[in-house]
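Biologist: Please take a close look at a single part of this model and explain which charged side chains meet there. I should be grateful if each term were explained as it arises.

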Amino acid sequence: MTWWAVEVRVGEQERPRLAAWLVNETGQAVEERDDGWVVSFAEDSSAAESMRARVAKAFPPTTEIALRSLDAVDWSTKWRDGLGPRRVGRLTVVPSWVSYRRELDEAVVVMDPETAFGSGEHGSTRAALRLLSESLVPGQLVLDLGSGSGILAIAAARLGARRAIGIEVDEEAVPVAVRNAAINGVADRAQFMAGDAAELAQLLGPADLLLSNILRTVNVTLLPAIRAALRPGGIAIFSGMEEAEAGEFRAALSVAEFTIRDEVTDSGWWAVAASRP
């Protein structure tokens with residue numbers, strides 16, 4: 001099988017939306033190059049041509065699209081190239097295949113995302129990690145909605161949470177998160193379960209801090225359940241949204257009577273920490 005690269009270039013303001021669209025359409029990660037091109041991948045020339053047509057339809061006529069065949073490589077491990085330790089707030093995220101010597105007072109999270117979302121390389125994950133490192137107080141109960149690889153719940157445990165519980169709708173992601181928790185030595189404080197976040201969060205609360213790194217529309221839908229799952233004064237960290245969506249979500253937070261405490265952006269992705277009354 002010959003894989004193909006589907007290279008797309010749009011205006012700078014459109015790049016975050018393009019990257020998110022490609023991930024949603026293909027279920028694969030994308031490469032965002034410094035020269036402005038966003039690269040996705042297709043299994044053969046037919047799939048590449050089909051993706052070219054879909055991109056051209058979804059984005060403006062000025063969009064540039066190029067296709068090129070790729071040399072035969074083992075893509076199950078090739079994606080690891082170039083990934084290394086990344087410092088985010090009080091945390092350092094280290095890929096499991098990289099040798100790293102921890103400083104004495106450093107909080108390190110070792111990640112092997114496998115097929116689950118969340119390696120610390122995506123802007124939405126980094127933004128959530130930064131707010132988490134600034135907001136969490138040791139001894140707190142933390143809930144993580146849409147936990148994926150488990151990176152946020154594991155980070156919470158490494159930062160001193162007495163318990164962090166991840167809820168994930170994708171059952172296949174849960175064993176990945178469980179293994180990652182064991183690798184990090186926090187399996188006793190970071191647990192994961194499959195199910196509906198709106199239902200389980202309220203049963204598991206009241207939480208001191210809650211994370212929701214999901215799409216804006218889902219975050220808006222979950223706001224009543226998130227408020228019910230938090231103790232009064234508890235903090236919710238919302239991520240998974242592009243900068244252009246910030247205004248709409250701020251308005252939704254206001255209607256739900258949340259008070260914004262902090263906001264960060266990372267590579268076009270926006271996250272916010274807000275407290276419930």
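Modeller: Glutamate 248 is a suitable place to begin: it is partly exposed, because its relative accessible area is 48%, between the limits of under 20% for buried and over 50% for exposed (1.4 Å probe, protein chains only). The model is predicted, so local features need pLDDT of at least 70 and side-chain atom pairs pLDDT 80 or more, whereas totals for chains, interfaces and linings use all residues. Residues are numbered from 1 along each chain as its sequence is written, and side-chain values use heavy atoms, without hydrogens or water.

The residue to examine closely is arginine 216, in helix H8, which spans residues 216–229. (Helices, H or I with at least four residues, and strands, E with at least two, are DSSP runs numbered from the N terminus.) Arginine 216 counts as buried because its relative accessibility is 19%. Beyond its neighbours within four places in sequence, arginine 216 is in contact (heavy atoms within 4.5 Å) with Gly240, Met241, Glu245, Glu248 and Phe249.

Two of these partners deserve separate attention. With the side chain of glutamate 245, the side chain of arginine 216 makes a polar contact at 3.0 Å; the term denotes N or O atoms within 3.5 Å, one able to donate a hydrogen and the other to accept it within protein, with sequence-adjacent residues counted only through side-chain atoms on both sides. With glutamate 248, the side chain of arginine 216 forms a salt bridge at 3.7 Å, N to O. This pair links distant parts of the chain, helix H8 and helix H9 (residues 246–255), 32 residues apart.

Salt bridges that share partners also join Glu7, Arg33, Asp35 and Arg68 into one network. Within that group, arginine 33 and aspartate 35 meet through their side chains at 3.0 Å, N to O. Arginine 33 is partly exposed at 21% relative accessibility, and aspartate 35 is partly exposed at 42%. In total the structure holds 14 salt bridges, each a side-chain nitrogen of Lys or Arg within 4 Å of a carboxyl oxygen of Asp or Glu.

A further one joins the side chains of aspartate 208 and arginine 231 at 2.7 Å, N to O. Aspartate 208 belongs to strand E11 (residues 207–213) and arginine 231 to strand E12 (residues 230–242), so this pair ties together parts 23 residues apart in sequence. Aspartate 208 is buried, at 16% relative accessible area, whereas arginine 231 is partly exposed, at 30%.
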